[in-house]
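Student: I have a new structure open and would like to talk it through with you. Could we go slowly, one topic at a time?

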Amino acid sequence: MSSNTDTELLYVIKIGGNIVDNPIVLTQFLQSFTLIKAKVVLVHGGGKIATQLAKDLNIPQQLVEGRRITDAETLKIVTMVYAGLINKNIVAQLQSMGIQAMGLSGADANLIKSHKRSSESIDYGFVGDVDAVNTGLMDNLLKENISVVIAPITHDGNGQLLNTNADTIAQSIATAMSAKYKVHLIYGFEKEGVLLDVNEPNSVIKHINKEKYQSLKEEKVIFEGMLPKIDNAFLALNNGVSSVIIGKAEKLNELINGTAGTTITQS
């Protein structure tokens with residue numbers, strides 16, 4: 001390992017339901033993941049398993065503007081599924097592929113502290129917004145060549161677990177670790193990248209900077225659901241992250257070498 005961690009590469013990679021819901025695709029993704037020649041943190045979302053389990057247990061699920069309301073019973077389910085089943089399945093698979101991995105929630109070793117989201121109009125329940133990342137712990141694990149796998153469950157420091165957006169967790173970790181590493185943040189999802197035409201998979205915009213983003217928004221070219229991801233990307237870039245790449249998670253190695261997806265930079 002380089003003695004100068006300021007210039008050492010770190011990839012923070014986020015994957016969502018399109019990967020974790022499909023065992024075959026997940027295995028293929030993790031095989032690509034093992035080829036990364038750098039320090040790496042993997043943040044995963046929840047997928048459909050929690051929704052199905054809630055249905056099986058007759059626990060009603062409430063969505064407001066597409067966002068899940070996390071009541072007390074739903075919090076139990078997402079904690080079991082995200083921090084338990086999904087997280088440990090990923091870790092076990094990585095171990096089988098020869099990768100030393102550790103699965104953590106935000107509550108473990110005070111990794112990610114957050115606060116319950118407050119909103120005048122909507123009570124999202126036990127949903128957390130990130131306050132701090134334990135960079136010392138993360139750095140120690142990475143120095144031991146451990147790949148850290150993070151579930152989207154955090155805590156408030158007073159014993160309360162909180163369901164937290166995985167995109168935001170990835171951005172928060174990337175930002176926090178940029179003080180010690182050259183960080184590249186990768187948002188892996190189901191599309192090829194940021195698209196000029198959402199119905200045309202090959203219409204990937206290869207590079208977006210602030211100026212181009214502003215014009216794409218004004219022209220209403222970028223799909224509405226993509227805006228929070230790109231806003232998170234620029235938040236990361238404004239706080240020390242070197243680059244953000246958005247693209248199809250199954251093309252992980254191509255995203256890393258710059259031959260796929262959309263790369264977002266300051267200029």
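Student: Let me start with one residue: is L111 buried or exposed?
Tutor: L111 is buried, because its relative accessible area is 0%, where buried means under 20% relative accessible area, exposed means over 50%, and partly exposed is in between, using a 1.4 Å probe and protein chains only. Please keep in mind that this is a predicted model, in which local features need pLDDT of at least 70 and side-chain atom pairs count only at pLDDT 80 or more, while totals for chains, interfaces and linings use all residues. Residues are numbered from 1 along each chain as its sequence is written, and side-chain values use heavy atoms, with hydrogens and water left out.

Student: Where does L111 sit, and what does L111 touch?
Tutor: L111 is in the loop between β5 and β6. Leaving aside residues up to four places away in sequence, L111 touches L104, S105, G106, A132, V133, N134, L137, M138 and I150, with contact meaning heavy atoms within 4.5 Å. As for how the helices and strands are named, they are DSSP runs numbered from the N terminus, with helices being H or I of at least four residues and strands being E of at least two.

Student: What separates L111 from L10 in space?
Tutor: Their C-alpha atoms are separated by 17 Å, and the two residues are 101 apart along the chain.

Student: N134 was among those contacts, so where is N134?
Tutor: N134 is placed in the loop between β7 (128–133) and α5 (135–143). With 24% relative accessibility, N134 counts as partly exposed, and beyond residues up to four places away in sequence it touches A109, N110 and L111. The C-alpha atoms of N134 and I173 are separated by 8.9 Å, with their positions 39 residues apart along the chain.

Student: And what about A109, what is its phi?
Tutor: Phi of A109 is near 55°, which is a positive value in a residue other than glycine. A109 lies in the loop between β5 (101–104) and β6 (112–116).

Student: Which other residue has a positive phi like that?
Tutor: N58 is one of them, with phi near 60° in a residue other than glycine. N58 lies in the loop between α3 (49–56) and β3 (62–64), and at 68% relative accessibility N58 counts as exposed.

Student: Changing topic: which residues are in the loop between β9 and β10?
Tutor: Among them are Q160, in the loop between β9 (153–155) and β10 (161–163), and G159, whose place is in that loop as well. G159 is exposed, with a relative accessible area of 76%, whereas Q160 counts as partly exposed at 25% relative accessibility.

Student: What does Q160 touch?
Tutor: Not counting residues up to four places away in sequence, Q160 touches L75, F126, T154 and H155. The C-alpha atoms of Q160 and E8 are separated by 35 Å, and those residues are 152 apart along the chain. G159 and K229, for their part, are 70 residues apart in sequence and 30 Å apart from C-alpha to C-alpha.

Student: Okay, stepping back, how many helices and strands are there?
Tutor: The protein chain has 9 helices and 14 strands. Buried residues make up 49% of its 267 residues, and among contacts between residues at least 6 apart in sequence, 71% join residues at least 24 apart. Along its principal axes, the C-alpha trace spans about 45 × 45 × 35 Å.

Student: How confident is the predictor, and where is the pLDDT below 50?
Tutor: The chain averages a pLDDT of 92, and 97% of the residues score at least 70, pLDDT being the predictor's confidence in each residue, from 0 to 100. The pLDDT is below 50 over residues 1–5, and beyond near neighbours in sequence this stretch has 8 contacts in the model.
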